[in-house]
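This report covers strand pairing, helix packing, domain contacts and the chain interface.

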Amino acid sequence: MPQLGSFSLLVGLALSVYAFGAGLLAIFWDDDRLGETARRAGIGIFWAVTSASAVLVWAAFHNDFSLAYILHHSNRALPGAYKFAALWSGQEGSLLFWCWLLACYGLVLRLRYKVDTRLVAHASVVISAVQIFFLLLVNVPAHPFAMTPGAIPADGNGLNPLLQYPEMVIHPPMLYLGYVGMTVPFCFALAALIMRYPGEKWIHITRRWTMVGWLFLTCGIFLGSYWAYRVLGWGGWWGWDPVENASLLPWLTGTAFLHSVMMQEKRGMMKVWNMWLIFSTFLLSIFGTFLTRSGVVSSVHAFAESNIGPYFVIFLAIIFAACVFFFVKNRSHLESEHKLESLVSRESSFLFNNVLLLVAAFAVLWGTLFPVLSEWVTGHKVTVGPPFFNKVNIPIALFLLLLTAVGPLLAWRKTSGESLRRNFLVPGIISLLSGVALVAMGVRPWEDVSYFYSTVTIMLSVLVASTVVSEFVRGGLVIARHNQGIAWQGNIFYGMYILTRRNMRRYGGYVVHFGVIVTMIGFAGVAFYQNTEKELGFGDKLEIGHYTLVCRSYTQDDKPNYSSERAILDIYRNGKQIDTMYPEQRFYKASGQPATMVANRSTMLEDLYLVYTGKNPENGHPIIKAHLNPLVWWIWSGAHFILVGTLIALIPNLQSKKKKTAREAALEAAVPVAAGGD
Amino acid sequence: MSSRMGSQTTATVTPLRRIASHWGILLLLTSVLLLMGASGDTTGQRFDRLGHNLMCTCGCSQILLECNHVGCAVSEQMRKELKDALATGQSDDVILAGFVTKYGPTVLSAPTTTGFNRVAWIMPVVIFVAAVGGLVWVVRIWQRRSRMQLAAAPPLGAGGAGEELDEFRRRAREETEL
């Protein structure tokens, strides 16, 4: 079987080279038949890489320790789901998984070639070039089917205990779907630039693909955050680790693109800017992958140091050079149809939003790379950790939050002072009242900068929520009034439903904004966290906030994959028992590593988060660390709103069929021009 | 034409100036309140703050108070050292300097504001100011150009005005559809 895997990878590489070469020649010679063979070769890549991935999974399930990768990332007692997850747990396997996802995206792109044959043919050549690179990696420096040297051990080293959690089975695929998904919009954008694509169809296609990639990336980031919170046991959800930062970089530029693309679609502006945002998003996806896999920066959960770094550097240089070359060559094609007319307009709010997102991306990148730069300049490394990132990024995030409130209510082209006053008077008053309410509840923003940030975050979130709700209510009322007297259609909720269905993208976007502010409220809670640590014997008490924890007992267990110890703690609130919690520590036999199983009791107001940190060797009493984390529930709830909002934005509008047909006719008319070449 | 546009500009800027001045007052008040609130904190709060300014040196790359390394002897020892230093009544700077002497500069969780490390803090601010300033400057240039184009355009109402208006309506519908 391993030979079949190796062979499949070679076939995949050969097919990608063919898809690239034949696709390129087909465009130059205008040869449709040759182009069709390239497209089919592209589809063939999917089958080849699927077969190689299946072989690796098969080897994990059959405990084939003759493969070095399986030996290092699996063991006999590992549960089935984690054996499957072994595919992306190590360097080589995860690169193979990357290739497979890229092949999946490539398959969809090539199967949907009728959407615009010539554009897809160009995009297919670009994606083939990317496939060549990743297939080269898994065929040469990071071969997942390398054999175990010497005698084959009876059992494997096992999977890293930190990865043996359900969240880790879905977090990496989501993140990779996001990273790899950013390849498709890049391919369409570069293809459109290369062929000087007439019209705006390419930007619609690119936007939808970017939204798909962004959706997965957002899912991946939140799942990773949830995993860090529930598994790592330090009581936080974001540590500004280089691996986390690497995922944030393309997310920030992708978010900027999803906003500024509206200016191109509606007003024919910002074409150069959008093109480079797409290029940057893809380049940052690759750069992030390079960071986490090359050992350039040290990280809590990066892959082991390897020799694939130079390959990534060369690939990045080639891609960047290609982007610059075609941009310089075809720049005239990207001239704006309109210019910005006022600083107080929807367009300028998008521009400011973009600038802030890019400054945030720069700050994250700068902080991540500064230790390397410092070592290079001064000869010694420094640490750039959470204090730096928080100080730099929190003010930027607050400005962005302000723009989230202001932007959607500004008119295109120019907004008058009167309109500003009319739209913001009520939300502004509500926001100020929320600030007063916080002070009345005992929050003292003047006592500490973290309290100040939290108060401002909550006030701005209320401002955004008020503007979003007012938009829905106003629109819903107009439609309800219009439908007055028509049975059940005359109510505001039906009006709001119709409003959303008529412009899914706009109102889906509002739901996303609402999700963002719910998440931000969760972030604001960090200023008020508490923690304490205590050794607990039978009947001992630990107090935190309004909770009292009483140690009832502690137990031990032995399972094939691990042995465990756990404390049984009764939780009291105001003298009344409300729950029993079981913080646990496991010792994984194959890897010989310990890991914690956090016990968490989550409510809308706060999380009671308990960690079994070890036991006193003298008396065997467990040492329990308790965290009281306010508002964490809001972070995960906000993520749900963001996902639902993005899905809404991806659904076509209710009544746009007629309009679409007219637009399609116009675009179809433009295709012969495209076929005619430059 | 130019005087009409001039009066339009004034009408738009006045409420904005008012808003800006309100924000300015708010910002000033906030700064004063923050300064008033910058008082000394308890030993527990100092431990928490300084513990978050230090890294665990066991190789886990985590903040000292957040090291989740099960049974980590290094973080345990470092926390004890921090508690002892706080008990002696040393200032924050002296305590942090003591850790740097013992564990090296990577023990600090953020760059200091001295020497080359200053660049780490300055660059994001420079980029922010340059980006926002550059944006305002570019928008102003675009505004000026668009006014000049508007002034140079033939007046409406001549032949074909109806078609032109229809075209403007179509564009307005398309641009405000979002």
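In this predicted model, β3(A) and β4(A) form a hairpin, with three residues between the strands. Strand β3 spans residues 547–558 of chain A and strand β4 spans residues 562–573 of chain A. The two run antiparallel and are joined by 11 bridges. One of the pairs is S553(A), whose bridge partner in β4(A) is I568(A).

β4(A) also pairs with β5(A), in the antiparallel sense. These two strands form a hairpin as well, with two residues between them. N574(A) takes a positive phi there, near 50°. L569(A) stands opposite M581(A) in β5(A). Strand β6(A) is a further antiparallel partner of β4(A). Here E565(A) stands opposite Q585(A) in β6(A).

The table lists antiparallel strand pairs of chain A.

| Strand pair | Residues of the second strand | Bridges |
|---|---|---|
| β3(A) and β4(A) | 562–573 | 11 bridges |
| β4(A) and β5(A) | 576–581 | five bridges |
| β4(A) and β6(A) | 584–588 | five bridges |
| β1(A) and β10(A) | 622–630 | six bridges |

The last row belongs to an open sheet. Four strands of chain A make up this sheet, in the order β1-β10-β9-β8, with antiparallel pairing. Which strands sit at the edges? They are β1 (530–535) and β8 (599–602) of chain A, and each pairs on one side only. From one strand to the next, the twist averages 15°. N531(A) has H627(A) as its bridge partner in β10(A).

Next, a helix pair. Two packed helices are described by the angle between their axes and the distance between the axes. Helix α16 (residues 449–482) and helix α18 (residues 504–524) of chain A have axes that come within 9 Å and cross at roughly 160°. α16(A) is therefore roughly antiparallel to α18(A). The crossing of α16(A) past α18(A) is left-handed.

Which residues make the contact? From α16(A) come S454(A), T457(A), I458(A), S461(A), V464(A), A465(A), V468(A) and E471(A). From α18(A) come Y510(A), H513(A), F514(A), I517(A), M520(A), I521(A), F523(A) and A524(A). By class, this contact has 11 nonpolar, four polar and one charged residues.

On the scale of domains, chain A is divided into domain 1 (1–149), domain 2 (160–415) and domain 3 (436–556 + 596–678). The centres of domain 1 of chain A and domain 2 of chain A, taken over C-alpha atoms, are 25 Å apart. Their contact involves 25 residues of domain 1 of chain A and 32 residues of domain 2 of chain A. On the domain 1 side, the elements that give two or more residues are α4 (80–85), α5 (91–111) and α6 (117–139) of chain A. The largest share comes from α6(A), with nine residues. This side has 20 nonpolar, three polar and two charged residues.

Chain B meets chain A through 45 residues of chain B and 56 residues of chain A. On the chain B side, α1 (2–37), α5 (117–152) and α6 (161–175) of chain B each give two or more residues. Which element gives the most? It is α5(B), with 15 residues. The chain B side has 26 nonpolar, 15 polar and four charged residues.

Methods:
Residues are numbered from 1 along each chain as its sequence is written. Chains are lettered from A and ligands numbered from 1 in the order in which they are written. This is a predicted model: local features need pLDDT of at least 70, side-chain atom pairs count only at pLDDT 80 or more; totals for chains, interfaces and linings use all residues. Domain bounds come from an automatic or database domain assignment. Two residues are in contact if their C-beta atoms, placed from the backbone, lie within 7 Å. Ala, Val, Leu, Ile, Met, Phe, Trp, Tyr, Cys and Pro count as nonpolar, Asp, Glu, Lys and Arg as charged, and the others, Gly among them, as polar. Axes are lines fitted to C-alpha atoms, for helices over the stretch in contact, and angles run from 0 to 180 degrees between N-to-C directions. Angles under 35 degrees count as roughly parallel, over 145 as roughly antiparallel, 65 to 115 as roughly perpendicular and the rest as oblique. A crossing is left-handed if the near helix is turned anticlockwise from the far one by less than a right angle, and right-handed if clockwise. Two strands pair if DSSP finds at least two bridges between them.
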